[in-house]
Amino acid sequence: MTEDLRQYKQVTCTINGKERTAMVDVRASLTDMLRNEYRLTSVKKGCEVGECGACTVLIDGEAFDSCIYLAIWADGKNIITLEGLEGPNGELSDIQQAFIDETAIQCGFCTPGFILTAKEVLDSGKLYTDDELRKLLSGHLCRCTGYENIFRAVKKTMYKRLGKKYKE
Amino acid sequence: MYDIKAIYEAKSVEHAVQLRMEHPEAVIIAGGSDVLIKIREGRLAGCELISIYGLDEMRGIRKEEDGTIRIGSLTSFSHIHADPLIQKHISVLGDAVNMVGGPQIRAIGTIGGNTCNGVTSADSASTLFAYDAVLEITGPEGVRLCPISEFYLGPGKVDLREGELETAVLIRKESYSGYKGCYLKYGMRNAMEIATTGCSVNVKLSQDKKVLKDLRIAYGVAGPVPRRAKVTEDAVRGSEVSPETRARIGELVLEDVNPRDSWRAAKDFRLHLCSTMAMRAFTQAVRKAGGEIDD
């Protein structure tokens, strides 16, 4: 069989800091690969058409919907899922703790995606206005409609990281 | 898992052309934010794909010696928005692509995919029309250049021939130098929305900022494909910058557009949008260019 028609392809990428290799079905999405090959079930299957953001992961530092990203494209990429935010002794990161403190979690399905987009936003080290922040978070749907608390968790963490005082 | 019959991964532009010749039925996949969704919906289920996503040579923005801005067709919307050359010379294009979908869609969506889909609602299309963009198309006979105004053949149909793929979007210096523009998008939501109508206007003012030396008006969703408002442009070029000229633009554009009724919006509402958006975008473009105009 010619190389083009093989149904499986070897994909090597860095996932949460470790280099991993798997034989992947060429028809798989990155969501399929992360959940089925690596049991990273924080990557949620929501709409599977790139609308809800529940499957968001960071690829080379940028947030992508992994449901509309082919697994074979991940070869050579650096991928971070929610599991990658855990500290060496299981500590939560500041943004995760902020979600808890602000009760920004109800059913929890949208949470991993929101937190990864928030990580990209916060890691930029910039101070955003409320409108900019809303736009940056706009690729996620929370069907519990807990947006205010989510917004506040991200905003408070942004202020904290930049050493600024947060005003309600 | 996607319903894909086979996927051929291009290793270079030449290889992509070769794959296009070998598999004429196969669909090109760039970022996939349209193609994969069509597969999921069943409209493209069971298709063969030629993936060009891995071709980094088709990414990035640079200024060529003659001042032409060259945008590789695989450059993502988020990279175009953040690019210093775009911000400096064609900031309206950066603004327009920053209105596509949501942040994750802008990370994967490409300007080449946006144009090659041939849809009238593409957020980048009206601004590319307004800047007389030229598409670099690579095929078995080499490279040819196609003005974007000739590229769209009908809804979903573009002038890509056997073995060809779009490799870059070019904007010439004479098209952007001295021009300031504004893109407005009307939709029901602020994110994850397809434009009900989109309007991109740019102007070039005289030294004293009183006379309209040139203006260009382009629309998405004002007809089956993106289009320019040539009648209006010819009629008001050379007029003074004034609310009267703006009102004339608002009236004249109705002769240039041909929107339809759809479940998204009625024809008469779209006509109202075409007129109002042209006037508002014109006002903002004039102000960006340093001119003064009352509301």
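Me: Before counting residues at a chain contact, what makes two residues be in contact?
Reply: Two residues are in contact if their C-beta atoms, placed from the backbone, lie within 7 Å. The model here is a predicted one.

Me: How many residues does each of chain A and chain B put into the contact?
Reply: Chain A contributes 27 residues and chain B contributes 22 residues.

Me: Which elements give two or more residues to the side of chain B that touches chain A?
Reply: They are β1 (4-9), α2 (35-41) and α6 (103-108) of chain B. The largest share, five residues, is that of α6(B).

Me: How do the residues on that side of chain B divide into nonpolar, polar and charged?
Reply: On the side of chain B that touches chain A, 15 are nonpolar, six are polar and one is charged.

Me: Which domains does the assignment give for chain B?
Reply: The assignment has domain 1 at 4-51, domain 2 at 56-172 and domain 3 at 180-288. Between domain 1 of chain B and domain 3 of chain B, the C-alpha centres are 36 Å apart.

Me: Where in chain B does B:I293 lie?
Reply: B:I293 is in the segment after α13 (267-288) of chain B.

Me: Why does B:I293 count as partly exposed?
Reply: Because B:I293 has 16 C-beta neighbours inside 10 Å; a residue is buried at 20 or more and exposed at 12 or fewer.

Me: Which residues does B:I293 touch, leaving out those up to four places away in sequence?
Reply: B:I293 touches B:V241, B:P243, B:R246, B:T283, B:V286 and B:R287 on that count. As for B:K210, the C-alpha atoms of B:I293 and B:K210 are 9.6 Å apart in space, with the two positions 83 residues apart in sequence numbering.

Notes: Residues are numbered from 1 along each chain as its sequence is written. Chains are lettered from A and ligands numbered from 1 in the order in which they are written. This is a predicted model: local features need pLDDT of at least 70, side-chain atom pairs count only at pLDDT 80 or more; totals for chains, interfaces and linings use all residues. Domain bounds come from an automatic or database domain assignment. Helices (H or I, at least four residues) and strands (E, at least two) are DSSP runs, numbered from the N terminus. Ala, Val, Leu, Ile, Met, Phe, Trp, Tyr, Cys and Pro count as nonpolar, Asp, Glu, Lys and Arg as charged, and the others, Gly among them, as polar.
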